Amino acid sequence: MAFSHGSNSAVSLPSHGLQGIDALFAGAGLVRSRRGKLASRHQAQRLDRAQPEELRHSAPAPSVAANGVRWLPISPWRKFSWLSSGFSTRLGGMSHAYCFEDAPGELNLGFTPEDSREAVEANRRLLVEAITGDASTPLLTLRQFHSNLVVRATAADAASERPRKADGVITDEPGFLLAVQTADCIPVLVADRRLRAVGAFHAGWRGTVKRIVEIGVGRMRLEFGSRPEDLVAAIGPGIGPCCYAVGEEVFSEFESQFTYGRELFREVYDSDPIRIKYPMLFLTQRAPGHSPIGPSLHVDLIEANRRQLLACGVHAKAIQVIGGCTQCRSELFFSYRGSRGHTGRLMAVIGVRTRRSPAPTPKAK
Ligand SMILES: [Zn+2]
């Protein structure tokens, strides 16, 4: 975004005027915009502005399981005795790959290069035990690749060692948990109260643009006969609009795909006191004459996925937004951006209980 704001006047200039400006910019080692357009598209009609604090969703206090795992239940779903579900945090586990050696162990749930397989497997058993009461409940994970591919899973898939390649999974079979892994992306869980079917979806910005949640709900209708009015959904912790700065290309994708695309974006002003006090330190990144404390473009993926659920016919009251930004709350969550890629993985899980596995009752060991 070399030409990120204050550029409206350039639109009406004749082409020779623009060439002159281009020459000036080139002389200063700058380009007028990434794709050589008149101006960035979000300038034509101004976006709402905000400060990061205004966009922050606070995280709920985690529940503490008997085995020490801190996790986030979906409170209104506790009444569904047939359903297991929840979101992990980074607290309570066996990993030391992303913390000091003498710190309490953490709950990394992804087979990341830095962590040991044994620690991650132990952590997965701890999470499953915290949520279902039985550490041996099979956990079905995916090989995620930022697609909109949704697969239907059976108990045989859950027993398999080889995860399937997809970003969404649905089932109506009991006895195992579906899982998606995230570290900033948005996890979305869906349950059909009438038919006792469930789905888990991984929605980063690419998956969101490709409508993974709409496709996932569509698959539940097709495979199980789910009616939107019977569905409940939960949007878990991910990177919030407070932190998720993106480039123009992300804006263009959303604006071209969704009628409400523009509403998902804000121009966010840095409220960092150091930048405000010492603007000269940050001046070199900006075009001449532009404010050193310029806006960045932030997208709200939580709202984007809520809109997709609404578009499918899920009732607004049936959608729970759990809250918590993975980047703001790095002591509670793993954040890929917040840790520059050196981080563990969170998990969102959902499953249909077998008749013989009642919900765990919290008790001290
Ligand atoms: Zn944040």
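**From the nonpolar core to the sheets**

The largest nonpolar core of this predicted model comprises 79 residues, and the residues with the most contacts inside it are L127, L178, A179 and A233. Taking L127 as a point of entry, and leaving aside residues up to four places away in sequence, one finds that L127 touches V69, W71, S88, L107, L109 and M347. The protein chain as a whole has 365 residues, of which 39% count as buried, and its secondary structure consists of 9 helices and 19 strands. Among the contacts between residues at least 6 apart in sequence, 69% join residues at least 24 apart.

Strand β13, residues 197–203, is mostly covered, since 7 of its 7 residues are buried. A197, G199, F201 and A203 point one way from β13, while V198, A200 and H202 point the other way, and residues of both groups are buried. Strand β12, which spans residues 186–192, pairs with β13 in the antiparallel sense over 7 bridges, and within this pairing I186 has A203 of β13 as its bridge partner. The hairpin of β12 and β13 has 4 residues between the strands, and in it R196 takes a positive phi near 55°. Strand β10, residues 168–171, also runs antiparallel to β13, to which it is joined by 4 bridges; here the bridge partner of G168 is F201 in β13.

A further part of the structure is an open sheet of 4 strands, arranged in the order β1-β16-β17-β15 with mixed pairing. Its edge strands are β1 (49–50) and β15, each of which pairs on one side only. Beginning at the β1 edge, β1 and β16 run parallel and are joined by 2 bridges, with R49 having E267 of β16 as its bridge partner. Strand β16, residues 265–269, then pairs with β17 in the antiparallel sense over 5 bridges, and F265 finds its bridge partner in V299 of β17. At the other edge, strand β15 (residues 245–246) and strand β17 (residues 295–299) pair in the antiparallel sense over 2 bridges, and V246 stands opposite L297 in β17.

What lies across β15, β16 and β17? Helix α7, residues 248–257, takes this position, running at about 45° to β17.

Terms used. Residues numbered from 1 in each chain as written. Predicted model: local features only at pLDDT ≥ 70, side-chain atom pairs only at ≥ 80, totals over all residues. Pairing = 2+ DSSP bridges. Core = buried A, V, L, I, M, F, W, Y, C linked by C-beta atoms within 7 Å. Buried ≥ 20, exposed ≤ 12 C-beta atoms within 10 Å, placed from the backbone. Contact = placed C-beta atoms within 7 Å. Axes fitted to C-alpha atoms, helices over the stretch in contact; angles between N-to-C directions.
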